[in-house]
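Me: I'd like to go through this structure and ask why things get the labels they do. Can you take me through it?

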Amino acid sequence: MSYVTIEQVTKGYDNQLVLNNISLTLKKGEFATLLGQSGCGKSTLLRSIAGLEDVDVGRILIDGKDITDLSPRQREVGMVFQSYALFPNMNVFDNIAYGLKMKKVKNLKSKVNNMIDMVDLIGKEESYPHQLSGGQQQRVALARALVMEPKVLLLDEPLSALDAKIRKSLQKELKRIQKELDITTIFVTHDQEEAMTMSDRIFVMNKGQVVQSGSPSEIYTSPVNTFVAKFIGNYNVCNMEVFRKLVRTTELKGNEVAIRPEVLQLVSVGEDSLDLQGNWEIKGFVKDVSMAGNVLRYEVETEECAFHVDYLHHRGEMFEQGARVQILVPKKECIML
Amino acid sequence: MKSSLTFHKLFVGLLVIYLLIPLVGTLLFSIAGKWDHTILPESYTLKWYIELFQDERFYDAFRRTLFLIVISVGLSVVIMLPTIFIITVYFSKWEGLLQAAAMLPYGVPPIVGAVGLIKLYSAGPIQIAGTPWILIGAYFITILPFMYQGIRNSLRTLNAVQLVDAAELLGATKFQAFRTVVFPNIISGILVSTLLSVSLLFSEFAFANLLVGGRFETLQIYLSDKLNSSGHLTSAIVITYYSMILLLTGTVLKLTFRNKRNPVGSK
């Protein structure tokens, strides 16, 4: 039984469709991510669920209730904004208590204190937003949304303004709190790594449409089209005609082939005991080597096109720039698009 | 580094002296007994102030000016604050139009404006020419640019749109969002606009003279009248209303920021 249902939602601005007939469903307690490039419509969809944007066509249901025409305050959703939107005139306690005060909730103090404890902000109750770090402000924004016990939590790129280290630790914390409260969460990001780390399910969006949905593993290992392949995993996407020529075969079908950079292997030209069973072999030379921490990325130029090959950074296993190499392409890892 | 700082200090010092000299000169002249051929007055006296404070006309003019200012500025805040808020947050595409309308007073010289207003309001259904009401209307328009810029800039700096969104999602109505979140954060902007408007209207002469003149004597008209009788007395008037404005500004600022809680903890 789906808990959140988006039914054929369409929205446009100035004759341009921002959301194009989007339908999706979420289960209760699920952590879903809307992933896509800037301008793909992911934030508009989130704001439509929150009631901050009207939809032109379609319905939005939460827990079986049609909320399409309800005002934001009636929807029982919580939202954390990209810039947190904390109230500058209120301290941490008052920011978190704001929604409860509006609802005239009793025992407000204990609820707020519990939430402050949960987001690890004890001792900061009297501080004002400008006295907090970005990470602390993000926690206040999260606590402010969660204390209302919303049916759905909406997160609009809440980690994008933070530095890498704090971002990683908050990703874990966010996931922990989400699991602890079993709250259905919709997270918006353009960062595929963040989406993979946090989500139970990912909806990849492009030009106002959901182009693929599935678990992080499904999305990563089985992209349905070139856009997803390139956006999700830095896939090597090669024209099929060119690829057939490179591997000297006529069997392959499709328009393009996508191959993950980490499944490719490099060996020196002339190296013995090559096991070509199950692999194709393409000759080339190392055009460039770059290092991204624990990963070494080789750009290997072949007769027809360039391939990226990712290696874990082991000491003493580097190919020099200009080295002549052979790329081993595992046949079963090639995805025909 | 040190020399550049000295230069800055010197520059600011010169600017302060430049701005203060006319005021100090006026103050000295208002308390000068005999001052003909010396750098500083030869004798000092408070007789100009005594004469001023014994004149009923001065108090009446002051009261009238205060009445005009309170009504005009109050009306402007009551009308412009919600208008600017609604346009900025909900109808941002109309912002350009509002901005153009707010800047219009700069394009119309007071004399042209006054002649037009007298013509328009001396006949027809609204005959208010020569009454203080026409002056209140003219003052409302005069201070429009200050009110508009001050309030709009405060709303922009605050990112009011997102704060209202956040408050609404937390269960607030639009009015509650404005009252509890937006208003407390733009109060200093409103205050600055209000004080600028008050200072401007205190020294406004053109509209007051052309639209109502002696029929509703304001402080500036009183000052202009006294200019012909004694320079010492007019200096005393100027210093008095400067002091009034200073007192008013100081009190409002103190009252506004008195309840602001002290920062707690550090970053």
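What follows is a chat about helices, their packing and the contact between two chains.

Me: Before we start, what kind of model is this?

Reply: It's a predicted model.

Me: OK, chain B. What makes up its secondary structure?

Reply: Chain B has 12 helices and zero strands. Read along the sequence, the pattern is α-α-α-α-α-α-α-α-α-α-α-α. The C-alpha atoms of chain B fill a box of roughly 70 × 70 × 30 Å along the principal axes.

Me: How do people describe two packed helices?

Reply: They give the angle between the axes and the distance between the axes.

Me: Then why are α8(B) and α9(B) called oblique to each other?

Reply: Start with the value: the axes of α8 (residues 160–169) and α9 (residues 174–202) of chain B cross at roughly 120° and come within 9 Å. Roughly perpendicular covers 65 to 115 degrees, and roughly antiparallel needs an angle over 145. The crossing angle of roughly 120° fits neither range, so α8(B) and α9(B) are oblique. As for handedness, α8(B) passes α9(B) in a right-handed crossing.

Me: Which residues meet there?

Reply: From α8(B) you have B:Leu163, B:Val164, B:Ala167 and B:Glu168, and from α9(B) B:Lys174, B:Ala177, B:Val181 and B:Val182. By class, that contact has six nonpolar, no polar and two charged residues. Glu and Lys count as charged, and B:Glu168 and B:Lys174 are both on the list.

Me: What about α4(B) and α7(B): how do their axes cross?

Reply: The axes of α4 (residues 95–107) and α7 (residues 144–158) of chain B come within 8 Å and cross at roughly 145°. This crossing is left-handed. Among the residues in contact are B:Leu98, B:Met103 and B:Tyr106 of α4(B), with B:Phe146, B:Tyr148 and B:Arg152 of α7(B). The classes here come to 10 nonpolar, two polar and three charged residues.

Me: How do you know that A:Arg47 and B:Asp165 form a salt bridge?

Reply: Check the distance: their closest N and O atoms are 3.2 Å apart. The cut-off is within 4 Å, for a side-chain nitrogen of Lys or Arg and a carboxyl oxygen of Asp or Glu. So the pair qualifies as a salt bridge. The rule finds one salt bridge across the interface of chain A and chain B.

Me: What else makes up that interface?

Reply: There, 29 residues of chain A are in contact with 25 residues of chain B. About 2300 Å² is buried between the two chains, with carbon and sulfur atoms giving 58%. On the chain A side, A:Arg73, A:Met102 and A:Gln131 supply 25% of the area that chain A buries against chain B, more than any other three residues.

Terms used:
Residues numbered from 1 in each chain as written. Chains lettered and ligands numbered in written order. Predicted model: local features only at pLDDT ≥ 70, side-chain atom pairs only at ≥ 80, totals over all residues. Heavy atoms only, no water. Axes fitted to C-alpha atoms, helices over the stretch in contact; angles between N-to-C directions. Helix = DSSP H or I, 4+ residues; strand = E, 2+ residues; numbered from the N terminus. Parallel < 35°, antiparallel > 145°, perpendicular 65-115°, else oblique. Left-handed = near helix turned anticlockwise from the far one by under 90°. Contact = heavy atoms within 4.5 Å. Buried area = accessible area lost by both parts, 1.4 Å probe.
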